[in-house]
Amino acid sequence: MPYIALQLVGIQAVLDVMGVGGGENTNWFVKDLPLLIAFGVLAAYTYSSGLRAPALIAFVKDTLIYIVIAVAIIYIPIKLGGFDEIFAKAGEAYSQTNPATGAPRGALTPAEPGQWTYATLALGSALALFMYPHSITATLSSKSREVIRRNTTILPLYSLMLGLLALLGFMAIAAGVKVTNGQLAIPQLFENMFPAWFAGVAFAAIGIGALVPAAIMSIAAANLFTRNIYKDFIKPDATPQQETKVSKLVSLLVKVGALVFVLTMDKTVAINFQLLGGIWILQTFPALVGGLFTRWFHRWALLAGWAVGMVYGTVAAYGVASPTQKHFGGSAKEIPGIGEIGYIGLTAFVLNVVVTVVLTFVLKAVKAPDGIDETRPEDYTADAGDPGVQVELPPATAGTSH
């Protein structure tokens with residue numbers, strides 16, 4: 001839900017800059033109208049078309065994002081006097097006092113203590129990336145292993161674009177963009193710097209770029225519930241049509257939960273809740289990746305390690321305060337035994353792995369039952385069209401055109 005909520009906030013930011021909605025003095029409905037519009041579009045988008053809709057629109061999303069970022073890193077610096085001028089103004093802004101803390105804002109690059117935080121966050125985020133259900137859903141919905149290989153070779157280009165995207169923050173500072181909410185800075189930069197017609201293209205890129213991952217995430221959550229809870233524990237004899245209906249309803253409920261999440265929290269801290277989700281999802285790494293590559297880990301050790309990582313990560317994140325929040329104010333804290341400030345998720349992950357390995361030795365020593373492994377070697381190399389392979393669509397996509 002924090003992940004989907006973050007996408008809704010992104011769409012809302014675009015609509016806010018476009019003038020849809022009201023200011024702080026208007027009633028709650030008008031003020032949150034952009035958010036309600038974003039939710040309505042996302043709900044209709046996934047309920048009617050399932051997984052096929054975000055899969056098709058992803059081509060449009062990527063094309064628009066590539067075009068907008070390429071134009072932005074060329075056109076905006078020309079208007080602002082070049083990157084030298086941009087970095088000079090950004091450096092000057094960072095040297096000023098932060099009114100929220102009374103301390104200097106910092107520097108363009110992190111000081112030595114902050115390098116640990118950055119490095120551990122980067123590593124932890126990379127490990128967590130493919131643990132998210134929407135990544136697994138997209139991978140498992142591929143036609144063959146060749147499709148996955150081809151798309152994986154293109155992913156570094158997208159990462160490069162994300163690095164260029166970070167430069168837009170410095171451009172917003174250099175351009176003198178003034179907003180009450182930092183999440184509006186980049187849409188406002190586009191509004192101020194681009195011609196009206198291209199600003200519309202940029203806003204469309206942001207909106208569609210938020211719709212695709214939010215849609216896949218809600219579908220993934222619905223499929224997990226349908227296949228692992230509804231089918232296994234509630235109605236084992238459910239038909240594919242019943243699975244489809246339940247999956248669509250759960251997908252809608254997940255989006256409603258994300259909407260409530262946004263409406264009841266301070267939208268300026270949405271990113272911190274997304275980082276909390278990263279802490280949680282990283283704790284599934286030993287079970288998922290370890291289960292794919294080895295059967296050495298004991299199942300109960302994996303469960304215990306996950307529980308330890310989840311508890312430590314949540315409690316540690318709850319204790320992080322910021323000038324604007326008493327709890328969940330960030331995702332970095334002192335690393336026990338080292339003394340450096342690092343990413344909580346990676347610290348929890350290390351504890352997770354240590355507990356898993358130690359308990360595996362203990363449980364194997366006492367000959368605790370390992371359980372039954374039902375997978376076979378050919379399960380890892382099967383493609384659509386191979387003998388004995390039956391293609392079954394995820395419940396949320398059933399009933400759509402193909």
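This is a short talk on one chain, its helix pair α10 and α11, and its nonpolar core.

The model is predicted: local features need pLDDT of at least 70, side-chain atom pairs count only at pLDDT 80 or more, and totals for chains, interfaces and linings use all residues. Residues are numbered from 1 along each chain as its sequence is written, and side-chain values use heavy atoms, with hydrogens and water left out.

I'll start with the whole chain. It has 15 helices and two strands; these are DSSP runs, helices being H or I of at least four residues and strands E of at least two, numbered from the N terminus. Of the 402 residues, 38% are buried, where buried means under 20% relative accessible area, exposed over 50% and partly exposed in between, with a 1.4 Å probe and protein chains only. Take the contacts between residues at least 6 apart in sequence: 71% of them join residues at least 24 apart. Contact here means heavy atoms within 4.5 Å.

Now the helix pair. Helix α10 covers residues 196-234, helix α11 covers residues 240-263, and the two pack at an angle of about 130° with their axes 8 Å apart. Axes are lines fitted to C-alpha atoms, for helices over the stretch in contact, and angles run from 0 to 180 degrees between N-to-C directions. That angle makes α10 oblique to α11; under 35 degrees is roughly parallel, over 145 roughly antiparallel, 65 to 115 roughly perpendicular, and the rest oblique. Residues making the contact include Ser 218, Phe 225 and Tyr 230 of α10, and Val 246, Ser 251 and Val 254 of α11. By type, the contact residues divide into eight nonpolar, six polar and four charged. Nonpolar covers Ala, Val, Leu, Ile, Met, Phe, Trp, Tyr, Cys and Pro, charged covers Asp, Glu, Lys and Arg, and the others, Gly among them, are polar.

Is Ser 218 buried or exposed? Ser 218 is buried, at a relative accessible area of 0%. Leaving out residues up to four places away in sequence, Ser 218 touches Ile 4, Thr 46, Ser 251, Val 254 and Lys 255.

Over in α11 sits Val 262, which counts as buried at 0% relative accessibility. Val 262 and Leu 8 are 254 residues apart in sequence, yet 8.0 Å apart in space, C-alpha to C-alpha.

Last, the core. A nonpolar core is a set of buried Ala, Val, Leu, Ile, Met, Phe, Trp, Tyr and Cys residues joined through side-chain atoms within 4.5 Å. The largest has 82 residues, and Phe 194 is among those touching the most other members. Its largest share, 16 residues, comes from α10.
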